[in-house]
Amino acid sequence: MSIDLSKMPKIGFGLMRLPETDGVIDIDKVCKMADSYLEAGFNYFDTAYVYHGGNSEKAVKEAIVKRHPRESFTIATKLPAWSIHSLEDRDKIFNEQLDRCGVDYFDFYLLHSLEDGNNYDTYEKFDCFNWGIKKREEGKIRHFGFSFHGTPELLVKVLDLHPEIEFVQIQLNYADWDNAIVHSGKLYEILSERNIPIIVMEPCKGGKLANLDEECLDILNAIRPGKSAASWAFRYVASLPGVTTILSGMSTQEQMEDNMNTFKDFEPLTEEEKQAIDKVKEVMFRVEQVGCTACRYCVDGCPMGIKIPDIISAVNTKRKFPGDMRPQFFYNGLVSGNSHASECIACGQCEGVCPQHLPIISILQEASGYFDQG
Ligand code: SF4
Ligand code: SF4
């Protein structure tokens, strides 16, 4: 039976940061959280082959499948590109997932983490899109989509090539809307134009928007006192048309209760509240950014083939969010097969052509300090 994607629960229970005791998932706690979530009228559980080293899918079986009627909940899980080395691996992994979860079909199935390069190439190489459609025809998958971490250009290409895709999961939050690495706003617009249902991951930017500094909190509390920073981040994405479900990787009962309160009687952001979020972003982004316009005049003449503007974009994100791992992953992808920032020979060619007169050599040294140390 297919599900009306426009009537999905606004909040999905992400099972990637489950509570643990002595390094093992605490199933009793997961049971309590899952029960409160279901009792509140929600039913979307999101797991993946790799979460908790495979134990998240096993927790689905113990805490949900064995304890609740199958039609009372939906499960989403994902195929990992990095574990596929042959055509046979697709079915092998899929059957293992059914077994781990204790079900005979998945309500939602995603190709995990489509991004430019390796993952996307693997899904094409092993014909995973057609494989997914076949699984859907066999009734083993109810709805087929992918999670996405790539560029807007790749998203357009994949959607053009694969119109069979029913939904897409993207990283979306107010801080990343204009982020040149994450592209939240652009990805949202591409999907909205095509009326493709959007499932949101990282609505709180990995917890960062749930832990704002006092200056930001004062701005929000002046309008709606006593509401958590996380509730503002959730309401921001939930107010966007086309967003069907927002995943929250909940680890505690308290987070669960806070989220239930936000979504029980959901209120979209008012105009005044949207302006407050804009003010929070101003405070958040006050840190100095490198004024690179991405004209790429510096790139062709670099004897080391360094991807200067892309590395600057990673530096800008790192300056804004020092604890964020995305710039490091982005950088790793950039330098795979290309020169690292540390390989700059300080010839000065780039600085001579940069219309913004940027001190590129010292910016690359900064980048090297952030990203080349590991
Ligand atoms: S200074 Fe460094 S980055 Fe600039 S052109 Fe020379 S090698 Fe490339
Ligand atoms: S020339 Fe300057 S502004 Fe243009 S991409 Fe290079 S660093 Fe950025």
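In this predicted model, helix H3 is followed by Gly 102, a residue whose phi is positive, near 75°. The helix that ends there has 15 residues. From its first C-alpha to its last, H3 reaches 22 Å, which is close to the 21 Å expected at 1.5 Å a residue. Its buried residues are Asp 89, Arg 90, Ile 93, Phe 94, Gln 97, Leu 98, Arg 100 and Cys 101. The cover over them includes two helices, H2 (55-65) and H5 (128-137), along with strands E5 (74-79), E6 (106-114) and E7 (141-148).

Leu 98 gives a closer look at this helix, which runs over residues 87-101. With a relative accessible area of 9%, Leu 98 falls under the 20% cut-off and so counts as buried. Once neighbours within four places in sequence are set aside, Leu 98 is in contact with Val 103, Asp 104, Tyr 105, Phe 106 and Lys 140. Ile 308 is another matter: 210 residues along the chain from Leu 98, its C-alpha sits 45 Å from that of Leu 98.

Just ahead of the helix in the chain, His 85 lies in the loop between E5 and H3. His 85 counts as exposed because its relative accessibility, 61%, is over 50%. Its C-alpha is 9.7 Å from that of Lys 125, with the two positions 40 residues apart in sequence. A similar kind of pairing turns up at Gly 41, in the loop between helix H1 (27-39) and strand E4 (44-46). Here the partner is Lys 264, 223 residues apart from Gly 41 along the chain, and the C-alpha atoms are separated by 8.6 Å. Gly 41 is exposed as well, at 58% relative accessibility.

Helix H9 (residues 229-238) is mostly covered, and 10 of its 10 residues are buried. That list takes in Trp 232, Phe 234 and Tyr 236, and also Arg 235 and Ser 231. Several elements help to cover H9, among them strands E1 (11-14), E9 (198-201) and E10 (243-248). Helices do part of the job too, including H8 (214-221), H10 (253-264) and H11 (271-284).

Zooming out, the domain assignment splits the protein chain into domain 1 (5-279) and domain 2 (297-371). The contact between them takes 9 residues from domain 1 and 9 residues from domain 2. Taken over C-alpha atoms, the two centres are 32 Å apart. The size of an interface is often given as the accessible area lost when the parts come together. For domain 1 and domain 2, that area is about 810 Å², and carbon and sulfur atoms give 59% of it. On the domain 1 side, Ile 181, Lys 205 and Lys 208 lose the most area to domain 2, together making up 59% of what that side buries.

Ile 181 shows up again in the surroundings of Thr 317, a residue of helix H12 (residues 308-320). Not counting residues up to four places away in sequence, Thr 317 touches Asn 179, Ile 181, Asp 324 and Pro 327. Thr 317 is buried, with a relative accessible area of 5%.

That leaves the two ligands. Around ligand 1 there are 14 residues, and the closest are Cys 302, Cys 344, Cys 347, Gly 348 and Cys 350. Helix H14 (349-353) and helix H15 (360-371) are the elements that give two or more residues to this shell. By class, the shell has 12 nonpolar and 2 polar residues, with no charged ones. Ligand 2 has 13 residues around it, of which Cys 292, Cys 295, Arg 296, Cys 298 and Cys 354 come nearest. Its shell divides into 10 nonpolar, 2 polar and 1 charged.

Arg 296 deserves a second mention for its backbone. Most residues other than glycine have a negative phi, but Arg 296 has a positive phi of about 70°. Arg 296 lies in the loop between H11 and H12, where its relative accessibility of 36% makes it partly exposed. His 357 also has a positive phi, of about 55°, although it is not a glycine. The loop between H14 and H15 holds His 357, and this residue is exposed, with a relative accessible area of 66%.

Technical notes: Residues are numbered from 1 along each chain as its sequence is written. Chains are lettered from A and ligands numbered from 1 in the order in which they are written. This is a predicted model: local features need pLDDT of at least 70, side-chain atom pairs count only at pLDDT 80 or more; totals for chains, interfaces and linings use all residues. Side-chain values use heavy atoms; hydrogens and water are left out. A residue is near a molecule or strand if one of its heavy atoms lies within 4 Å of it. Ala, Val, Leu, Ile, Met, Phe, Trp, Tyr, Cys and Pro count as nonpolar, Asp, Glu, Lys and Arg as charged, and the others, Gly among them, as polar. Helices (H or I, at least four residues) and strands (E, at least two) are DSSP runs, numbered from the N terminus. Buried means under 20% relative accessible area, exposed over 50%, partly exposed in between (1.4 Å probe, protein chains only). Contact means heavy atoms within 4.5 Å. The expected span of a helix is 1.5 Å times one less than its number of residues. Domain bounds come from an automatic or database domain assignment. Buried area is the accessible area (1.4 Å probe) that two parts lose on being put together, summed over both.
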